[in-house]
Amino acid sequence: MKEIDEQKLQEMLEKGLHLPDVPLAAGEEQELERYTVLWEALEQPVVPDLSPGFAVNVSARIRLEKDRKAELRFNLLIAAVCLLLGGGAVAALIFFSTNSPVLQLLSHYGPILPGGLALILLIQYLDQKLVKEKVRSYN
Amino acid sequence: MIDEKELIPRILHGDMKAFEVLVTQYQGLVFHVVNRIINTQEDKEDICQEVFIKVHQHLRRFEYKSRLSTWIARIAYLTAINYSKKYSSGNTVSHPEDIENYSFTDEHPGHLLDKKDVTAYINRLIAQMPEQYRTVLTLYHLNEFSYQEIEEITGFPEGTVKSYLFRGRKLLKDKLGVYLKNEVS
C-alpha cells in the first residue's frame, strides 16, 4: 500500500471516519479495519495510578515547603540580628572601654567567639537542609 | 468542568482547597504525560507531585493565552523529560531516524494472545517506542490536544508532530496486523 493511502486513511479516522465516495479496495478495507482497532485502543482511557489522596498530599507538601521557607527566613533574620547586636557590642567595648574585663576576655579567647557563631549558623543551615531532604523522602 | 477564571484567583490568594480542586481536575492529564515518558512506577507519583508544585509556584505567570490544560501539560512534559534525562538508566530510547524499521523487544505478541487485550498489547508497544512518539500519541489520542497545542507543549514543530503521529500509528498498525493475524489463526 502506498504511503499516501495510509495518510488518507489516518486523516479519515482523525475526522471521525467518513468513508469516501469511491469504494475502498480490499487491501485498503483491511488496513482501515486495523486502523480502526488501533484508534479504539489508543483512545481507551488510562486510569491514573495515583494514591487516593493525591491532591491532599500535594497541598500538604506545598504547605510544608512554605512553613520550612518561613522558618528559614525567620532563622536568618535572628542570625542577622544577633550578628548586628554582637558586632555592635564588640565595637562599643573596643571604642569606649579599653580596660574592661570583657574586652580582655575577648582578646584572650577572641577567635573562639566568631568561630562559635559560625558553627551555630552552620548547624542551623545543615538542620534546614536535612529537614528538606527528610520531607522529600517522606513524600 | 471547573471555571479556571474563578479558580485561579482563589488559588493565588492562598486557597489550598481550590488548588486541590485543580489538582483533582488535572491529575489524569499529568499522569498520562508522565506515564508515557517515565517507565519506573515508583517515580511517577513523585514526578506528578513535582509538576503540581511547579504549577502552584508559577500559576501567577499563567496569562490565559492558552488553555490551562495545555500550560499544565507543558510543565508535566518538561518536568518528566528533565527527570528522564537526569536519571536516565536506559529507559529512554534515543531518536531513531529509521522508525519504519524500528524493532520492538516485545516483537512476538504470542504470550499476550491469551489476554485477548488489544489495548494492553498496544500500550506495551507504545512503552517501547521512542519518547517523542509516545508523547505525541498520548497527547493527541488520550488527551485530545490539537496539533498546535502539541507543538506548544513539546516544542516540536507542527509538521514534526504530524510526522511522528503518522509514523507512530503506521508502525503500531503494522504490528497490530501481525497480532490480529495470529489471533485469527
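How many residue pairs are in polar contact across the interface of chain B and chain A? Hello everyone, let me answer that: the rule finds 13 such pairs, with both residues at pLDDT 80 or more. A polar contact here is a pair of N or O atoms within 3.5 Å; within protein, one must be able to donate a hydrogen and the other to accept it, and residues adjacent in sequence count only if both atoms are side-chain atoms.

The elements of chain B that give two or more residues to the side touching chain A are α2 (16-37), α3 (41-58), α5 (118-128), α6 (131-142) and α8 (158-184). Helices (H or I, at least four residues) and strands (E, at least two) are DSSP runs, numbered from the N terminus. By class, that side of chain B has 19 nonpolar, 12 polar and eight charged residues. For these classes, Ala, Val, Leu, Ile, Met, Phe, Trp, Tyr, Cys and Pro are nonpolar, Asp, Glu, Lys and Arg are charged, and the others, Gly among them, are polar.

A quick word on what you are looking at. This is a predicted model, where local features need pLDDT of at least 70 and side-chain atom pairs count only at pLDDT 80 or more, while totals for chains, interfaces and linings use all residues. Residues are numbered from 1 along each chain as its sequence is written, chains are lettered from A and ligands numbered from 1 in the order in which they are written, and side-chain values use heavy atoms, with hydrogens and water left out.

Back to the interface. Chain B brings 39 residues to the contact and chain A brings 34, where contact means heavy atoms within 4.5 Å. About 3,500 Å² is buried between the two chains, and carbon and sulfur atoms give 64% of that. Buried area is the accessible area (1.4 Å probe) that two parts lose on being put together, summed over both.

Let's pick one residue, B:Glu20, in helix α2 of chain B. Is B:Glu20 buried or exposed? B:Glu20 counts as buried because its relative accessibility is 10%; buried means under 20% relative accessible area, exposed over 50%, and partly exposed in between (1.4 Å probe, protein chains only). Its side chain joins that of A:Ser59 in a polar contact of 2.5 Å. Beyond neighbours within four places in sequence, B:Glu20 also touches A:Ala55, A:Val56 and A:Arg63, among others.

Next, salt bridges: a side-chain nitrogen of Lys or Arg within 4 Å of a carboxyl oxygen of Asp or Glu. The rule gives 15 over all chains, and five across the interface of chain B and chain A. One pairs A:Glu31 with B:Lys173, with the closest N and O atoms 2.3 Å apart. These two belong to a network of salt bridges that also links A:Glu6, A:Arg34, B:Lys170 and B:Asp174.

Within that network, the side chains of B:Asp174 and B:Lys170 meet at 3.7 Å, N to O. Both lie in helix α8 of chain B, four residues apart, about one turn of the helix. B:Asp174 is partly exposed at 34%, whereas B:Lys170 is buried at 17%.

Helix α8 of chain B holds another pair, B:Lys162 and B:Glu158, also four residues apart, with their closest N and O atoms at 3.6 Å in a salt bridge.

Finally, α6(B). How many of its 12 residues are buried? The answer is 12 of 12, including B:Tyr133, B:Leu137 and B:His141. Just after this helix, B:Glu144 takes a positive phi of about 55 degrees. Thanks for listening!
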